[in-house]
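Here's a quick briefing to read alongside the structure. Keep the 3D view open and look up each residue as it comes along.

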Amino acid sequence: MEVPGRAVPVTTVRATAACGRFGQDVLAGTYWSAPTGKRYLLAAGSRRVLGIGAEGAVKAGVRGQVLAVGTDASEPFRLTGHLPGGSSMPGWTARSVEGSG
């Protein structure tokens, strides 16, 4: 059970430059259940992320660095971050990096 106000890791990635000097563009997302029982897909990107797209169990998109969408889904989803110059990057989810390391 999640404790209110306590951070819960979305995923763990080993042997990567992500979030460091050489890998500054990051996007991650997960499902979250509010105390009311309402379920959401939440995703957040680093400062250069201009937009976020979700596909799979949840289909949604937003301009900016934060995506929050109500859903009943619990199946896997894919995230794509849109960067300056028209490039994109995949996002991390709990299932997207299982077994990596």
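A salt bridge is a side-chain nitrogen of Lys or Arg within 4 Å of a carboxyl oxygen of Asp or Glu. Arginine 48 and aspartate 25 fit that description, with their side chains meeting at 3.0 Å, N to O. Before you go further, bear in mind that this is a predicted model.

**The overall picture**

- The protein chain has 0 helices and 7 strands, so if you walk along from the N terminus you get β-β-β-β-β-β-β.
- Buried residues make up 27% of the 101 residues in the protein chain.
- Take the contacts in the protein chain with a separation of 6 or more: 46% of them come from residues 24 or more positions apart.

**How far to trust it**

- The average pLDDT of the protein chain is 83, and 70% of the residues score at least 70.
- Over residues 97–101, though, the pLDDT is below 50, and this stretch has 5 contacts in the model beyond near neighbours in sequence.
- Where pLDDT is low, don't read the predicted coordinates in detail.

**Strands side by side**

- Strand E3 runs antiparallel to strand E4 (residues 60–63), and 4 bridges join the two.
- E3 and E4 make a hairpin, with 3 residues between them.
- Want a spot to look at? Alanine 54 stands opposite alanine 60 in E4.
- E3 also pairs with E6, again in the antiparallel sense, over 6 bridges.
- In that pairing, glycine 56 stands opposite phenylalanine 77 in E6.

**Salt bridges**

- How many salt bridges does a search of the whole structure find? It finds 2.
- Arginine 48 and aspartate 25 make one of them, at 3.0 Å, N to O. This pair links distant parts of the chain, 23 residues apart: arginine 48 is in the loop between strand E2 (39–45) and strand E3 (51–56), while aspartate 25 is in the segment before strand E1 (27–33).
- Are these two tucked away? Arginine 48 is partly exposed, at 39% relative accessible area, and aspartate 25 is partly exposed too, at 27%.
- Glutamate 55 and arginine 78 also meet through their side chains in a salt bridge, at 3.6 Å, N to O. Here, too, distant parts of the chain are linked: glutamate 55 is in strand E3 and arginine 78 is in strand E6 (residues 77–82), 23 residues apart.
- Glutamate 55 counts as partly exposed, with 46% relative accessibility.

**Aromatic rings**

- Searching the whole structure turns up 2 aromatic pairs.
- Tyrosine 31 and phenylalanine 77 form an edge-to-face pair, 5.1 Å centre to centre with 75° between the planes. Tyrosine 31 lies in strand E1 and phenylalanine 77 in strand E6, so the pair ties together parts that are 46 residues apart in sequence.
- Buried or exposed: which is tyrosine 31? Tyrosine 31 is buried because its relative accessible area is 14%, and the cut-off for buried is under 20%.
- Phenylalanine 77 is buried as well, with a relative accessible area of 8%.
- Tryptophan 32 and tyrosine 40 have ring centres 6.0 Å apart and planes at 35°, so this pair is tilted.
- Tryptophan 32 is partly exposed at 31% relative accessibility, and tyrosine 40 is partly exposed at 27%.
- Tyrosine 40 has a charge to deal with too: the charged end of lysine 38 sits over its ring, 5.9 Å from the centre.

**A closer look at valine 69**

- You'll find valine 69 in strand E5 (residues 66–70).
- Valine 69 counts as partly exposed, with 22% relative accessibility.
- Which residues does valine 69 touch, not counting residues up to four places away in sequence? They are Arg39, Tyr40, Leu41, Val58 and Ala60.
- Valine 69 and arginine 39 are 30 residues apart in sequence, and their C-alpha atoms are 8.6 Å apart in space.

Conventions: Residues are numbered from 1 along each chain as its sequence is written. This is a predicted model: local features need pLDDT of at least 70, side-chain atom pairs count only at pLDDT 80 or more; totals for chains, interfaces and linings use all residues. Side-chain values use heavy atoms; hydrogens and water are left out. Buried means under 20% relative accessible area, exposed over 50%, partly exposed in between (1.4 Å probe, protein chains only). pLDDT is the predictor's confidence in each residue, from 0 to 100. Contact means heavy atoms within 4.5 Å. Two strands pair if DSSP finds at least two bridges between them. Rings of Phe, Tyr and Trp (its six-membered ring) pair if their centres lie within 6.5 Å; planes under 30 degrees apart count as stacked, over 60 as edge-to-face and the rest as tilted. A charge sits over a ring if NZ of Lys or CZ of Arg is within 6 Å of the ring centre and within 35 degrees of the ring normal.
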